[in-house]
Each structure stands twice: as C-alpha cells, then as structure tokens.
Amino acid sequence: MKKRVLCFLLATIFALLCFPSAWAAVIDSSTLYSIKSFGAMGDGITDDTAAIQAAIDSVSKNYGYGTVFIPEGEYVITKQIALKSNVNIKGTGPKSVLILRNITDTYFQAFMATSQKNIHISNFRGVNECPNTYALWTHFLMSENCTVENLIAEVSGIGSSQGNKEIRSKNIAFKNNTMYGNALGGAYFGLTGISFSFTTGGIATGNRIEYCAHGINWWGGDSNTVVDGAPENERCAQNIVIANNVIEHVGGGGIWGSMGQNIVITNNVVNDAHDVGIDLEGTYDTIVSNNVVKDGYNGGLTTFFFCRGITFSGNTVYNSTPNTCGFKVYNSAQDIKNEDITVIGNTFVNTSEGTGVVGGDNCEKIIYANNNFINVRMDHDFNNSRFTKVDSNHFVFDRPITNLKPAVEVGTTHKSGECIFQNNLVESLVEQPEEVIGVFVTQSDNSSKTNNIIEGNIIKGFSTDIWLNNAAIRQKHVYAVDNNIFGSGNLKVDDTTVTTYQDNFRTDGGYLFAGIPGDGTYQTGQVIYFRTPDVENAIGAVCIEGGAPGKWKLFGFLKDGAQ
C-alpha cells in the first residue's frame with residue numbers, strides 16, 4: 001500500500017511540475033488590450049480602478065478571451081476588481097506598478113475570481129499603501145485552471161484559492177512570485193503568502209516569501225479531533241505540490257496545512273519560523289523531502305493530530321537554541337489512529353551550546369531509519385504507541401547532553417507492542433555526566449507483554465550504555481539484547497520477565513559475558529548466553545536471585561561437543 005502511495009505522489013510531482021502549462025489559460029494572448037485605452041492614467045495619483053475593470057469586462061464581453069495589458073506606470077486601485085474567465089492580466093514586470101490606496105477593509109482581495117476559469121495573472125508589482133489593511137492580490141473562489149506568476153507583492157500577500165466541501169477550486173498555480181511583508185522592527189504581515197483552501201490540484205513553486213504570518217499552507221478542514229479530524233472524514237485539500245520555494249522570517253508556520261491528502265513538499269528552504277517549519281496536521285499520504293529547515297521554534301518537521309502515510313526523507317534541519325525539536329509528533333490523544341510515519345535519511349543538527357531533541361507523542365507505527373542526529377537526542381516513548389523501530393541511525397554528541405537526559409529514549413509501546421532498536425551508532429565524543437544514559441528502553445503497559453529488541457548497535461562514551469526499564473506495576477516485559485558493542489559494558493536492568501543477552505562485546509574487543517557476571521545489577525529470571533561454552537562447558541546462565549550481581553545458575557552443559 002505504502003509503495004503504491006509513494007509511486008502516486010512521485011507521479012503527481014512529475015505531472016504538476018513538468019506540465020504546468022496544462023493549467024494555464026488556453027487562450028489567444030497575442031493581442032494585448034492596454035488599460036490605457038480604457039482611460040487608465042498610470043500617474044500614481046488618478047484612481048485607475050474603473051479603467052482596469054472596464055478593460056477586463058470589455059475583453060470578456062466583446063471577444064470572450066484575451067489579455068489585458070498593464071503598461072509601465074503606477075496605477076492606483078481603491079476597490080476590488082472582478083476577474084473573468086479566459087481573460088489574462090499581464091504587465092511588463094516591476095515597472096508595471098499597482099498601488100492599493102484608500103482602502104478601509106481589514107481584509108482585502110484586489111483581484112477576485114468567483115466561479116471563473118482559465119486566468120493567467122503575471123508580471124507586475126503590487127504595493128499596499130493601506131496601513132490597516134491585510135491585502136491579498138489574487139483570490140480564486142470556486143475557480144479552476146488559474147495561474148499567478150512573476151508577481152512582486154509588497155506588504156501584501158500573493159494569493160489564495162478557496163472552495164468548500166462540495167465545490168472545490170481546482171488546478172491553481174502560484175509560480176516564481178515574491179512577497180515582502182513588514183520587515184520593520186521585526187513585525188510580521190498578518191496574512192499567509194500563498195494558501196490553498198478546499199482546493200484539488202495546486203502548485204506553489206519558485207516563490208520567495210518573507211515577513212508574513214505564514215508562508216504557504218493548505219486547508220481541507222479543521223484537523224482537531226473534536227471538529228473535522230476524525231480519521232474517516234475526507235481530506236478536502238488534495239494533490240498539492242509545494243516545491244523550490246524560499247520562506248523566511250514568518251510569525252507562524254513556514255509550510256503547513258490541515259486535512260490534506262497527497263501533498264508533496266520538496267526542495268524548499270524555510271528559515272526562522274516562529275511556530276513550526278514544515279507541519280502536517282490531520283494529513284494523509286504525504287511526502288516531505290529534501291527541504292532545509294532552520295530554526296522552527298516549536299519544531300523543524302512536525303505532525304499534529306491524526307496523520308497517516310507520512311514520509312520525511314532527505315531533509316536537513318538546523319536549530320540554534322537548546323532543547324528545540326528537529327522533528328516531533330504532537331498527538332496527545334489516547335487513541336491509535338495516528339499511524340505510519342517514516343523518518344528516513346534526514347539530518348538533524350543542533351548548533352547551540354546545548355542539545356536538541358526529536359521524538360514525540362502517540363503514533364501507532366513510526367520508523368526512524370538512516371538518519372544523522374548531531375547533538376540531537378531522541379525522546380520517543382509516549383504512552384500508547386504500538387510499533388516503534390529505530391534502525392541504522394547515527395547519534396553523535398560533542399557536548400554534554402542537556403538536562404541529563406538519555407541520548408536515546410524509546411519504548412512505552414502498548415497492546416502487545418514492539419520496540420526495535422537495531423544497527424544504530426550512539427556515541428559521545430566528550431565525557432558525559434554520570435547520570436546520562438546511552439540508550440533508555442522503557443515499558444509501562446500493565447495489560448500485555450511487549451517485545452523489545454536491542455540488536456546490532458554500537459554504544460560508547462556513556463557511563464551506562466543501556467538501561468532496560470520496566471515502569472509497569474502488574475506486568476513484566478521481554479527484552480532481547482543481542483550482537484551489540486558496548487563502551488562501558490555497564491547495563492542497568494529493572495525487573496523484567498525475560499532478559500536475554502547473546503553475542504555482545506565491549507569496544508575493546510572483549511566479550512560482554514564470558515561467564516557469570518561479577519559486577520552490575522540483575523534481576524531474577526534474566527538469561528545470558530556465552531560467546532563460547534565456559535570452563536564448565538555451559539552455554540549460558542540464568543539469574544535465580546536478583547542483586548548486584550545476584551546469584552546465577554549455569555545451564556546447557558555440553559558433553560563431547562554435543563549438548
């Protein structure tokens with residue numbers, strides 16, 4: 001299933017990015033109808049709103065299609081302008097200037113298309129001179145096949161598309177536009193640069209957005225589980241590609257959305273988002289790949305509420321303050337409906353004097369694979385997860401870990417869950433405080449046993465390599481510790497039903513258990529296997545009385561090479 005979804009999303013990228021002309025207005029644009037022919041002055045003083053509207057209306061009525069041309073000049077707009085199907089708006093570039101003036105509306109859309117199609121708006125500079133107005137240059141309401149391209153928006157948003165659950169806007173593209181919000185005094189312009197609301201088919205590519213409330217977002221309903229976010233509800237923002245954009249200095253989210261499906265977010269740069277960098281809320285079947293995210297205050301990459309079929313791959317996330325999240329699952333619901341999240345091939349770096357963190361709340365199935373964590377610890381042991389796998393990652397620290405937390409903390413899988421920690425390298429290049437654990441695996445389910453596999457890892461640079469923790473009152477859990485290489489060789493083990501050790505070594509090459517342990521703390525019922533039979537030809541031992549190191553009984557005696 002996941003492979004089919006991935007193939008579909010990749011096909012969506014190819015189709016939407018390689019063939020965007022399919023969304024452009026298929027009309028004859030060879031004849032330009034200048035707004036000056038309809039009375040526009042372009043002197044920066046005269047109100048040219050009526051002339052621009054007259055040009056659009058005339059081309060629509062008399063020809064049915066065409067391009068309204070905005071020559072060089074400064075054209076004042078004081079009221080909303082209605083767009084018509086098959087009528088384009090085109091300027092010469094930055095010298096074709098449209099100025100919003102004397103507008104008292106708090107929220108204002110300069111060009112509005114309602115139930116229209118085949119419109120291409122391009123090549124002008126838009127300036128908002130109304131200090132109390134949040135202005136958006138283009139808005140497509142229940143419209144389709146519309147494109148906004150090469151627009152420069154100053155203290156104003158680029159554009160949005162909007163429909164509803166019954167009637168969607170379709171095939172709306174925003175390409176190679178630039179938005180400058182309010183950069184004075186660190187303030188942020190109070191609108192989203194580009195928005196897809198109840199839209200099927202959207203492209204935002206090659207845009208640059210600075211100093212606004214949010215960068216680029218989609219909206220297909222409120223993903224809060226007490227509103228629209230139930231898993232069975234339709235995701236009403238679909239088939240949207242957000243690629244090759246630069247978003248900097250936003251008051252909220254860089255790229256984010258709610259109740260989306262089949263979203264592709266790739267090759268973007270998000271810098272200085274005062275909420276989250278790239279955030280998926282109640283969203284399904286989405287790829288977030290090859291982006292660079294710097295300083296997302298509440299998370300570089302995040303998910304909220306119930307998400308499904310999410311892949312984060314090839315991203316690089318930087319944070320310059322300690323204890324901030326490079327990646328986090330936000331989901332406080334005690335309900336296994338948040339599932340199937342993969343974090344693969346990413347790099348997370350904390351550049352502060354402290355350390356960062358990845359991890360989060362409940363997710364039924366989550367996989368971390370082949371990631372690099374540089375001064376970033378993992379904290380993923382939220383109650384009620386079902387399956388957690390941490391495979392082939394590299395954790396490296398060149399400074400003491402903040403708040404004396406473990407380098408890796410995983411577990412708390414419930415309902416006969418499974419926690420797999422395998423083939424990872426966890427290393428500290430500096431001396432860590434004695435309280436800092438290398439890997440902390442904890443379980444707390446009182447109603448079922450969980451299976452925990454710690455296999456094929458290298459853990460070094462910590463006074464205690466592993467702590468196997470049982471926080472349950474009425475249940476004991478199962479741990480298998482096999483084929484690992486330990487630095488200190490110090491394991492801390494709480495009371496568990498069965499803990500087995502097989503073929504574990506120290507970094508100096510010595511076998512972790514060449515015979516019955518002479519140090520460490522162990523619990524009754526723990527089992528160890530020896531690399532080779534001991535001097536009495538036993539293959540292992542079982543702890544029959546817990547303690548430091550406890551009492552042990554040999555088992556599996558071999559005779560003449562056979563048991």
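**Core.** I began with the largest nonpolar core of this predicted model. It holds 113 residues. I asked which members touch the most other members. They are W137, W218 and F327. Then I looked up where the largest share of this core comes from. Helix α2, residues 49–62, supplies that share with five residues.

**Whole chain.** I counted secondary structure next. The protein chain has two helices and 52 strands. Its length is 563 residues, and 57% of them are buried. I also checked contacts with a separation of 6 or more. Residues 24 or more positions apart account for 66% of those. The exposed area of the protein chain is about 21,600 Å². Carbon and sulfur atoms supply 50% of that area.

**Cysteines.** How many disulfides does a search of the whole structure find? I got zero. A disulfide is a covalent bond between the sulfur atoms of two cysteines. I then looked up two cysteines for burial. C236 has 2% relative accessibility, so it counts as buried. C419 also has a relative accessible area of 2%, and I noted it as buried.

**Strand β9.** I moved to β9, residues 117–128. Is this strand mostly covered or mostly open? Nine of its twelve residues are buried, and I logged it as mostly covered. I then listed its pairings.

- β6, residues 87–91, pairs with β9 in the parallel sense over two bridges. Here K90 stands opposite S122.
- β7, residues 96–100, runs parallel to β9 and is joined to it by four bridges. L100 stands opposite N128.
- β11, residues 144–154, is joined to β9 by nine bridges, again parallel. A153 in β11 is the bridge partner of G126.

**Strand β18.** Next I took β18, residues 237–243. Why do I call β18 largely enclosed by the rest of the structure? Because six of its seven residues are buried. I found five bridges from β16, residues 199–205, to β18, and the two run parallel. T200 stands opposite Q238 there. I found six bridges from β18 to β21, residues 260–266, also parallel. Q238 turns up again in this pairing, standing opposite Q261. I therefore have Q238 facing T200 in the β16 pairing and Q261 in the β21 pairing, while β18 itself is largely enclosed because six of seven residues are buried.

**Positive phi.** Most residues other than glycine have a negative phi. I looked up two residues with a positive value. N262 has a phi of about 60° and is not a glycine. Its place is in strand β21. I read 13% relative accessibility for N262, so it counts as buried; the cut-off is under 20%. S416 has a positive phi near 55°, and it too is a residue other than glycine. S416 is found in strand β39, residues 413–422. Is S416 buried or exposed? At 53% relative accessibility it counts as exposed, because the cut-off there is over 50%.

**I278.** I picked I278 in strand β23, residues 278–281. Its relative accessibility is 0%, so I278 counts as buried. I listed what it touches, leaving out residues up to four places away in sequence. The contacts are I255, I265, V270, V288, N291, V293, G300, L301 and T302. I checked I265 further. I265 and I278 are 13 residues apart along the chain, and their C-alpha atoms are separated by 8.7 Å.

**N346.** Last, I looked at N346. Where is N346 found? It is in the loop between β30 (339–344) and β31 (347–350). I read 1% relative accessibility for N346, so this loop residue counts as buried. Which polar atoms does its side chain reach? I noted two backbone atoms.

- A polar atom of the N346 side chain lies 2.8 Å from the backbone nitrogen of N315.
- The N346 side chain reaches the backbone oxygen of I344 at 3.2 Å.

I also listed the residues N346 touches, not counting those up to four places away in sequence. They are F312, S313, G314, N315, N370, N371 and N372. N315 thus appears in my notes on N346 both as a contact and through its backbone nitrogen.

Methods
Residues numbered from 1 in each chain as written. Predicted model: local features only at pLDDT ≥ 70, side-chain atom pairs only at ≥ 80, totals over all residues. Heavy atoms only, no water. Buried < 20%, exposed > 50% of the residue type's maximum accessible area, 1.4 Å probe, protein only. Polar contact = N/O pair within 3.5 Å; in protein donor to acceptor, adjacent residues only side chain to side chain. Contact = heavy atoms within 4.5 Å. Core = buried A, V, L, I, M, F, W, Y, C linked by side-chain atoms within 4.5 Å. Disulfide = S-S within 2.5 Å. Pairing = 2+ DSSP bridges. Areas by Shrake-Rupley, 256 points an atom, 1.4 Å probe, with all protein chains shown as cover.
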